[in-house]
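Okay, thanks for coming, everyone. I'll put the structure up and then walk through it piece by piece.

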Amino acid sequence: MMDLTPKEVKERSALRVNPCKTCQPVGAMFAALGVHGCMPHSHGSQGCCSYHRTVLSRHFKEPAVASSSSFTEGASVFGGRSNITTAAKNIFDIYNPDVIAVHTTCLSETIGDDLASYLMDIDVPQGKVMVHCNTPSYVGSHINGFYNMMMGFMNYLTKKSGTSNEKTAVFPGWVNPGDIRELKRIASLMNVDTTFFPDQSGVLDAPMTGKYVMYPEGGTTLDEIKGLGDCEGLIALGEIIGIEPAELLKKKWKVPYALLPMPIGVTYTDLYISELRKQSKTEVPGELEKERGRLVDLLLDSHQYTYQKKVAIFGDPDVVIGLTSLVLEMGMIPKYVITGTPKEEFTRKINALFDKYGVSDCVAKANKDLFELHQWIKNETVDIMIGSTYGKQIARAEDIPFIRAGFPVLDRYGHPLLPIVGYIGAIRLVEQITNALLDRFDRDVSDENFEIVL
Ligand code: SF4
């Protein structure tokens, strides 16, 4: 007879199987694409650059422009100084960006290329700039690469003129263009003049016009980045991705910041709006109050179908923290919650949510992979999974309904255009989750009860 006793899942520290993360330069490239007129540049071999572009293009269904130092054997041994010098000249001559944002790769980090000194010696054309950051991919994840590139831009460009620009900076974190549009809409309704950095809206969701433009209209401008030091305050969204760039801006230019969770679900969206209210000192408009009311109404209506349903959530730390808060608001049990990014703060945040909502027998872990998640699910299954496309094999093997959210979502269309943040985004998620559970119910229910439900 088959032995169905739950098996112990062994902890591994030196091997990742089906990782729940990708490499640092992907994050650096994504952050750089949120700057207007920017050419992201990968200082390493062409293969790395192709991979990073491919992941971004497959998620956004848009071209992700980037250039490469094209290391071969010579550069790998003697260093890539001549490669980056030649590349900068060619890129400015041929592609004419406002800025080249250089990130390293495993190879250039391993040989110890000193990009800061290489860039100092490059003859950059008048009015153009080059910035760089280090993104060794054998530590951290794409999340680290994302904020490292943000800090690269700030280290090179931010200034303080001594006069406030009366703006509030917003670091939206790793979200889709549809999310950034929603965050901006809320800020605008709250009457707050903002600089979003980075801002991939209008770049990675640029409208089809029939004419190819290498640098679409969107993105944070260089002047806006320079002006970050003159902002009145900063709202950094995502407690894991936002803390380091927020600290840098405070340390360099004394800009005070509020570090908030990603505004997913009722509570976390309330926090974002409450912080905007502090900045603008205006009342919350009726439009937002009504949106909130509609979301709460939907939560109440759908509660009977979501209450006590077990869910596995995986992906990037800040999005996963937001999704966990939302499913707890829906009365669900977040049975397994993991991220591949090695940040223990993530585990503490999720455990605090478990305590707040009084749920027990749930597991939260950082620096984990999807193979391990699969072993846990085999031992004790869940009713639904929420995460990136890389979970689809588990969902299929275990016959579990699956909602795609986070990064990357490679096998579905339209998702980068639609938000998961704000009350509107939460309505979308609650609709998706509830209806996936109802679809499963309809599939499994007996003919007799199917009639009753109808
Ligand atoms: S070699 Fe390093 S930087 Fe290049 S794709 Fe692999 S993990 Fe990423």
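Before the first sheet, one definition: two strands count as paired if DSSP finds at least two bridges between them. And keep in mind that what's on screen is a predicted model.

Okay, domains. The domain assignment splits the chain into domain 1 (24-157), domain 2 (168-280) and domain 3 (286-447). Taken over C-alpha atoms, the centres of domain 1 and domain 2 are 23 Å apart. Their contact uses 23 residues from domain 1 and 23 residues from domain 2. Which elements give two or more residues to the domain 1 side? Those are helix H1 (24-33) and H7, and H7 has the largest share, with 8 residues. By class, that side of domain 1 comes out as 18 nonpolar, 3 polar and 2 charged.

Now the first sheet, which is open and has 4 strands, in the order S2-S1-S3-S4, with parallel pairing. Strand S2 (67-68) and strand S4 (129-133) are at the edges with a single partner strand each, so each has one side left without a neighbour in the sheet. Look at strand S3 (residues 99-104): S3 pairs with S4 in the parallel sense, over 5 bridges. If you want one of the residue pairs to click on, valine 102 has histidine 132 in S4 as its bridge partner. Then there's H7 again, residues 142-157, which packs on this sheet and touches S3 and S4. The direction of H7 makes about 140° with that of S4.

Next, the ligand. What sits around the ligand? Cys23, Pro25, Cys48, Tyr51, Thr105, Cys106 and Ser137. That shell is 5 nonpolar and 2 polar residues, with no charged ones.

On to the other sheet I wanted to show. This one is open too, with 5 strands in the order S11-S10-S9-S12-S13, and the pairing is parallel. Its edge strands are strand S11 (363-365) and S13, each pairing on one side only. From one strand to the next, the twist averages 15°. Strand S10 (residues 333-339) runs parallel to S11, and 3 bridges join them. Here the pair to click on is tyrosine 336, whose bridge partner in S11 is valine 363. Lying across S10 and S11 is H14, at about 155° to S11.

So how does H14 sit against H13? Helix H13 (residues 317-329) and helix H14 (residues 344-357) pack at an angle of about 5°, with axes 10 Å apart. Angles under 35 degrees count as roughly parallel, which makes H13 roughly parallel to H14. On the H13 side, the contact is made by Pro317, Ile321, Thr324, Ser325 and Leu328. H14 brings Phe346, Lys349, Ile350, Leu353 and Tyr357. Sorted by class, the contact has 7 nonpolar, 2 polar and 1 charged residues.

Last, some backbone details for the torsion people. The peptide bond from phenylalanine 197 to proline 198 is cis, with omega near -10°. You'll find proline 198 in the loop between strand S6 (194-196) and helix H9 (222-226). Another cis peptide bond joins phenylalanine 407 and proline 408, with omega about -5°. Proline 408 is in the loop between strand S13 (402-404) and helix H17 (422-444). And glutamate 166, which isn't a glycine, has a positive phi, near 60°. Glutamate 166 is in the loop between H7 and strand S5 (168-171).

That's my tour, over to you.

Definitions and conventions:
Residues are numbered from 1 along each chain as its sequence is written. This is a predicted model: local features need pLDDT of at least 70, side-chain atom pairs count only at pLDDT 80 or more; totals for chains, interfaces and linings use all residues. Axes are lines fitted to C-alpha atoms, for helices over the stretch in contact, and angles run from 0 to 180 degrees between N-to-C directions. Angles under 35 degrees count as roughly parallel, over 145 as roughly antiparallel, 65 to 115 as roughly perpendicular and the rest as oblique. Two residues are in contact if their C-beta atoms, placed from the backbone, lie within 7 Å. Ala, Val, Leu, Ile, Met, Phe, Trp, Tyr, Cys and Pro count as nonpolar, Asp, Glu, Lys and Arg as charged, and the others, Gly among them, as polar. A residue is near a molecule or strand if its C-beta atom, placed from the backbone, lies within 6 Å of it. Domain bounds come from an automatic or database domain assignment.
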